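Reader: I should be grateful for a close account of a single part of this model. Please take one helix together with the charged side chains around it, and explain the terms as they arise.

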Amino acid sequence: GRWTAAFENYSSRLHRPPVAHARNPIGMQVLKSSQSDSHDNEEKLSQEIVDLMSKHDPILLFASKFLPPATAKDASALYAWCRRLDEITDDVNADLVTIQQRLAEWDDRFDALCDGRPVDGMDAALAQCLQRNEGAL
């Protein structure tokens, strides 16, 4: 799916200008709520990502304090997405078929995110990151 293709092609496109894609994930709509709910949800989401980073990569969390706030937010959103993907592949109790099924579901989840249907707040954070960094992929 798009997730695999994006990372396989990323390095080959680092030094070329971005190309318009038929299914460009940029411009997608993310989860919406009222303004006060949005602020509360954003704080809760930020704490969830901080908790995830604290548990799995406290050095990266520390290093993110040296980044400009917008960059740290985007890096954290990308980290959260990749960390949760890592958890699928690192599950020592899952057999190969189960891991392959979970990866297929994760690929579908990325497609949904790109189609403007993020499953949860961390997906929405990645969608916002992709919107802000349109030329990166």
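Author: The account below takes up helix 5, then the core, and then the salt bridges.

This is a predicted model, in which local features need pLDDT of at least 70, side-chain atom pairs count only at pLDDT 80 or more, and totals for chains, interfaces and linings use all residues. Residues are numbered from 1 along each chain as its sequence is written, and side-chain values use heavy atoms, with hydrogens and water left out.

Helices (H or I, at least four residues) and strands (E, at least two) are DSSP runs, numbered from the N terminus. Helix 5 covers residues 96–114, 19 residues in total, and it reaches 27 Å from its first C-alpha to its last. That span is close to the 27 Å expected at 1.5 Å a residue, where the expected value is 1.5 Å times one less than the number of residues.

At the start of helix 5, a side-chain oxygen of Asp 95 comes to within 3.3 Å of the backbone nitrogen of Val 97. Just after the helix, Gly 116 has a positive phi of about 85 degrees.

Burial is defined by relative accessible area: buried means under 20%, exposed over 50%, and partly exposed in between (1.4 Å probe, protein chains only). The buried residues of helix 5 are Ile 99, Trp 106, Asp 107, Arg 109, Phe 110, Asp 111, Ala 112, Leu 113 and Cys 114.

Two of these, Phe 110 and Leu 113, are among the residues with the most contacts inside the largest nonpolar core, along with Ile 49, Trp 81, Met 122 and Leu 126. This core has 21 residues; a nonpolar core is a set of buried Ala, Val, Leu, Ile, Met, Phe, Trp, Tyr and Cys residues joined through side-chain atoms within 4.5 Å. The elements that give two or more residues to it are helix 2 (35–56), helix 4 (69–89), helix 5 and helix 6 (121–132).

The charged groups come next. Side chains of opposite charge can pair when their charged atoms come close. A salt bridge is a side-chain nitrogen of Lys or Arg within 4 Å of a carboxyl oxygen of Asp or Glu, and by this rule the count comes to ten.

One of them joins Asp 91 and Arg 102 at 2.7 Å, N to O. The pair links distant parts of the chain, eleven residues apart: Asp 91 is in the loop between helix 4 and helix 5, and Arg 102 is in helix 5. Asp 91 counts as partly exposed because its relative accessibility is 23%, and Arg 102 counts as partly exposed at 31%.

Not counting residues up to four places away in sequence, Arg 102 touches Ile 88, Asp 91 and Ala 94, where contact means heavy atoms within 4.5 Å. The C-alpha atoms of Arg 102 and Ile 88 are separated by 6.7 Å, although the two residues are 14 apart along the chain.

A further group of charges involves helix 4, where Arg 83 is placed. Arg 83, Asp 86, Glu 87 and Asp 90 are linked in a network of salt bridges. Within it, Glu 87 pairs with Arg 83 at 3.8 Å, N to O; both lie in helix 4, four residues apart, about one turn of the helix. Arg 83 also pairs with Asp 90 at 3.7 Å, N to O.

Arg 83 counts as buried because its relative accessibility is 14%, whereas Glu 87 is partly exposed at 35% and Asp 90 is partly exposed at 45%. With residues up to four places away in sequence left out, Arg 83 touches Leu 52, His 56 and Asp 90.

Note on methods:
Polar contact = N/O pair within 3.5 Å; in protein donor to acceptor, adjacent residues only side chain to side chain.
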